[in-house]
Amino acid sequence: MVKVNGNYGKLPGSYLFAEIAKRTAEYTKANPDKKLIKLGIGDVTQPLCPAVIEAMHKAVDDMSDKKTFMGYGPYEGYAFLREAIVKHDYAPFGAPITADEIFISDGAKSDCGNIGDIFDIDNVVAVCDPVYPVYVDANAMSGRAGEWDGRRWTNIVYLPCNEANGFIPELPVRTPDIIYLCFPNNPTGAVATRGQLKLWVDYALRHDSVILYDAAYREYITELDVPRSIYEIEGATECAIEFCSFSKTAGFTGTRCGYTTIPRELKRCGESLNEMWLRRQSTKFNGTAYVVQRGAEAVYSEQGIAQTRETINFYMNNAKVIRQGLKDAGLTVYGGVNAPYIWAKTPNGVPSWNFFDKLLHEANVVTTPGSGFGAEGEGFIRLTGFGDAATTEEAIERIRKVLQMRSLD
Ligand SMILES: *Cc1c(COP(=O)(O)O)cnc(C)c1O
């Protein structure tokens, strides 16, 4: 008789987005005339840029001719894309990464989850709290998280990220073997400085741990001297794997392309993690579509760079409107400067879900309750710059009005 993976039964369920959808649907049903504005959205909304579209059309034509048709590609992705990544994402920042250390994939989410395949089940995993839920759930599914106690996983090391530490995790008491870090951060919008990352790199080197660094939002960094890659930090090539994605950079959420970098120098127990990952990918993955990789390559063309920059600036302008508008309304806000996410503190310590309901009912604006990302997210909500400019301004104006009337409650 077959037995299923019992770890799935321990998962608490994707409570957050299901609950948001439920409350939103209930409100809409009771108030069909009200026009809701969604600022909780974690997906891009602007189309692919012309340079990418043109490259993909051309690649489709390649597929139509026997002379240029492409079948299975290399497991690690085409050299044209891996070389463009080195040239534009690593070399200019002094990150010593070569094309043979890059693996093209269908996105960062799969890689963040699948990377667990090359690590023993007994490793202790650390995550930030609040956190992008994929890291936790993927480890729980493979049995690395222990038991769900109704609030937390018993075998996960949670690294609190809060106002007191500026949303940058401090070194933990219990030593983890695998450390997930994500900067610019989803959901808090925080970025780590070189010095703060160096502390973690040194820690990982000291303990033979491995850092799994999610840099999906690297292109949203606007401030000078904020590191875009962990490999800008000395020693990181010996202790870190980095995940990047074209999803938020170039609107590839529905097109699917990302890459994972594993330096040759990164070895544990005498094994090269780069070689182990190639073995894993060549067994369980047959590559990202040729047409999509040509589209991703075009992100690095002169026009591609200019056009994707324009879209990112558009989202970041929305973020600025949200950040400034909520500040003017008297809220304490974080993020929105080097990330499309604004992490806003609820007024008077109101719980996240209560404030979510208030904004839904009174401002008709949908946000994301911070508590859904972890215990430390309680008392915050997340808003994003991924909406349209006019509706974002209207949403913030509505929230401002609701908060002004607060004293009458
Ligand atoms: C959106 C996002 C990604 C990107 O995932 P893809 O699978 O590449 O679309 C990765 N990490 C974080 C934290 C994200 O928010």
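Around the ligand in this predicted model there are 14 residues, and of these D214, Y217, S245, S247 and K248 come nearest. Polar contacts between side chains and oxygen atoms of the ligand are gathered in the table below.

| Residue | Side-chain atom | Distance to a ligand oxygen atom |
|---|---|---|
| S247 | polar atom | 2.6 Å |
| R256 | N or O atom | 2.7 Å |
| N186 | N or O atom | 2.9 Å |

Taken alone, the ligand exposes 380 Å², and the protein buries 93% of that area.

N186, whose side chain has an N or O atom 2.9 Å from a ligand oxygen atom, also takes part in an unusual-looking link of the backbone, for the peptide bond from N186 to P187 is cis, with omega near 20°. P187 itself lies in the loop between β5 and α7. Another cis peptide bond runs from D129 to P130, with omega near 5°, and P130 has its place in the loop between β3 (125-129) and α6 (133-141).

Helix α7 covers residues 194-207, and at 1.5 Å a residue its 14 residues should span 20 Å, which agrees with the 20 Å that separates its end C-alpha atoms. Which residues of α7 are buried? They are L197, W200, V201, Y203 and A204. Seen down the axis of α7, these buried residues fall within an arc of 160°, so they line one face of the helix. On the other side of α7, by contrast, L199 and R206 are exposed. The buried residues of the helix pack against four strands, namely β4 (156-160), β5 (178-182), β6 (210-214) and β9 (267-268). Just after α7, the backbone at D208 takes a positive phi of about 60°.

Positive phi values also occur at two asparagines that flank helix α12, which spans residues 352-363. N348, although not a glycine, has a positive phi of about 55°, and its place is in the loop between β12 (341-345) and α12. N364 likewise has a positive phi of about 55° without being a glycine, and this residue sits in the loop between α12 and β13 (365-366). Are these two asparagines buried or exposed? N348 counts as exposed because its relative accessibility is 69%, whereas N364, at 8% relative accessibility, counts as buried.

Terms used:
Residues numbered from 1 in each chain as written. Predicted model: local features only at pLDDT ≥ 70, side-chain atom pairs only at ≥ 80, totals over all residues. Heavy atoms only, no water. Expected span 1.5 Å × (residues − 1). Buried < 20%, exposed > 50% of the residue type's maximum accessible area, 1.4 Å probe, protein only. Arc of directions from axis to C-beta. Contact = heavy atoms within 4.5 Å. Near = heavy atom within 4 Å. Polar contact = N/O pair within 3.5 Å; in protein donor to acceptor, adjacent residues only side chain to side chain. Areas by Shrake-Rupley, 256 points an atom, 1.4 Å probe, with all protein chains shown as cover.
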